[in-house]
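Let's take a walk through this structure together, one stop at a time. Have the model open beside you and turn it as you read.

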Amino acid sequence: MSGLTQGQIDAIAASVTDTIDAKIQEELGTTLLKLDVRKADAIFFMVCATLVFVMQVGFALLEVGSVSVKNTKNILLKNVMDLCVSAISFYLIGYGLGWGEGSGFAGSNAFAMRTPEFNSLEVTGVVAGKHAQAFFSLCFAATATTIVSGAVAERFRFQTYAFIAFLMSGVIFPVVMHWVWADDGWLNPVRDGAKFLSVGVIDYAGSGFVHIVGGMSALWAVYFIGPRHGRFTETKGTVQELPQQSPVFQVIGGLLMWYGWFGFNCGSIKTLEGAHLNSVVRVGLVHSIGGATGGLVTMALFVYFLESCPQMIK
């Protein structure tokens, strides 16, 4: 410092202090931003989960509109109990099997959501995110179970279906979810160790395993219990049309399910941080266009290839 005046030394010291303060503020601001993003992600996750929850209203209306009037109360009660049973079974058993640590097949802890995050009173993005993830997964489990509900409408007794709902949401769906989404799941493409067919399985928004679990369970259920009473004539086995309650309920239910799928697809991005925000809005747009395209293609198939469609349109 020889040759420098006291004023120059003070100026250099002040400059260094300002630089250090600016760096600290920058790092602190980045940290706070990350924390805020995590909290925002938890809220985003919860909102998307509520959209998936709304799908249960769509399922209920669609099923009620597709059955006879005499079975209205049974179908409505079954859909309400579907949510109730699914929530309790997933809480007690399903969360541990799906997200608990264990083997590549299933989790072996975190039953009844007994983890440090669920016991914590801290207001952090991590804690909030864990709760939001649990609710999101619960809604997924209930949706897979409701697929079976629609397939067995007017075929099962209420008590039998309640047992199936408990089994689906508490055991079957969580185990398959663990295979694909848990860090140590044997189908997870980013797991440590050997991967399935060397690459693993990428399943976005449950597009594969939710519908495979629900669809296959529904298929086996209707295979064993057979058709609804009166669906076929006893002598010749001719198909008979069964009365349906309301096309209005069917359409409103279908639209609500379409609406709820925004929660499925957009919510599976899981975060709004950085470029993920663009992914969320793009997925929402693709979801809208894809659904509209599917509707037009389906109507075209009815119009040109099915005999009943022209009569239905008239």
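A word on names before we set off: the helices here are DSSP runs of H or I with at least four residues, and they are numbered from the N terminus. Keep in mind as well that what you're looking at is a predicted model.

With that naming in hand, start in the loop between α2 and α3, where you'll find Ala112. Its neighbour on our tour, Met113, sits in the loop between α2 and α3 too. What's worth a look here is the backbone. Most residues other than glycine have a negative phi. Ala112, though, has a positive phi of about 55° even though it isn't a glycine. Met113 also has a positive phi, near 55°, and is likewise a residue other than glycine. Are these two buried or exposed? Ala112 has a relative accessible area of 18%, so it counts as buried. Met113 comes out at 14%, so it is buried as well.

Next, hop over to helix α2 and look for Ile75. Its relative accessibility is 0%, and because buried means under 20%, Ile75 goes into the buried class. Which residues does Ile75 touch, leaving aside those up to four places away in sequence? They are Glu63, Val64, Val67, Ala153 and Glu154. Take Val64 from that list: Ile75 and Val64 are eleven residues apart in sequence, and their C-alpha atoms are 6.3 Å apart in space.

Now for the other end of the numbering we'll visit. Asn265 belongs to helix α7, which covers residues 247-267. With a relative accessibility of 16%, Asn265 counts as buried, because the cut-off is under 20%. Setting aside residues up to four places away in sequence, Asn265 touches Tyr204, Ala205, Val283 and His287. With His287 there's a polar contact to spot: the two side chains meet at 2.9 Å. You can also look from Asn265 across to Gly206, which is 59 residues away in sequence but 8.8 Å away in space, C-alpha to C-alpha.

Time for some rings. How many aromatic pairs does the structure hold? The count is 16. One of them joins Trp179 and Trp186, an edge-to-face pair with 5.5 Å from centre to centre and 65° between the planes. Trp186 has a relative accessible area of 34%, so it is partly exposed. Another edge-to-face pair is Trp181 with Phe209, at 4.8 Å centre to centre and 85° between the planes. This pair links distant parts of the chain, with Trp181 in helix α5 and Phe209 in helix α6 (residues 209-225), 28 residues apart. Phe209 is buried, because its relative accessible area is 4% and the limit is under 20%. Both rings also belong to an aromatic cluster, made up of Phe45, Phe136, Phe140, Phe173, Trp181, Phe209, Trp261 and Phe264.

Hold on to Trp181, as it leads to our next stop. The largest pocket is lined by 30 residues, and those nearest its centre are Trp99, Trp181, Ala182, Asp183 and Lys270. Inside it there is about 700 Å³ of space. Which elements each supply at least two residues of this lining? They are α2 (72-99), α3 (116-119), α4 (125-151) and α5 (158-181). The largest share comes from α4, with four residues. Sorted by class, the lining of the largest pocket has 15 nonpolar, eight polar and seven charged residues.

Our last stop is the second largest pocket, with a volume of about 430 Å³. It is lined by 14 residues, and Asp41, Gly125, Gly129, Lys130 and Lys270 are the closest to its centre. You've met Lys270 already, among the residues nearest the centre of the largest pocket. The elements that give two or more residues to this second lining are α1 (6-66) and α4. Here the largest share, six residues, comes from α1. By class, the lining of the second largest pocket has four nonpolar, four polar and six charged residues.

Definitions and conventions. Residues numbered from 1 in each chain as written. Predicted model: local features only at pLDDT ≥ 70, side-chain atom pairs only at ≥ 80, totals over all residues. Heavy atoms only, no water. 1 Å grid on protein atoms, 1.4 Å probe; cavity = no way out; pocket = protein on both sides within 12 Å on 5 of 7 lines; lining within 4 Å. Points joined across faces, edges and corners; volume = space filled by probe spheres on them. Nonpolar A, V, L, I, M, F, W, Y, C, P; charged D, E, K, R; others polar. Buried < 20%, exposed > 50% of the residue type's maximum accessible area, 1.4 Å probe, protein only. Contact = heavy atoms within 4.5 Å. Polar contact = N/O pair within 3.5 Å; in protein donor to acceptor, adjacent residues only side chain to side chain. Phe/Tyr/Trp six-rings, centres within 6.5 Å; stacked < 30°, edge-to-face > 60°.
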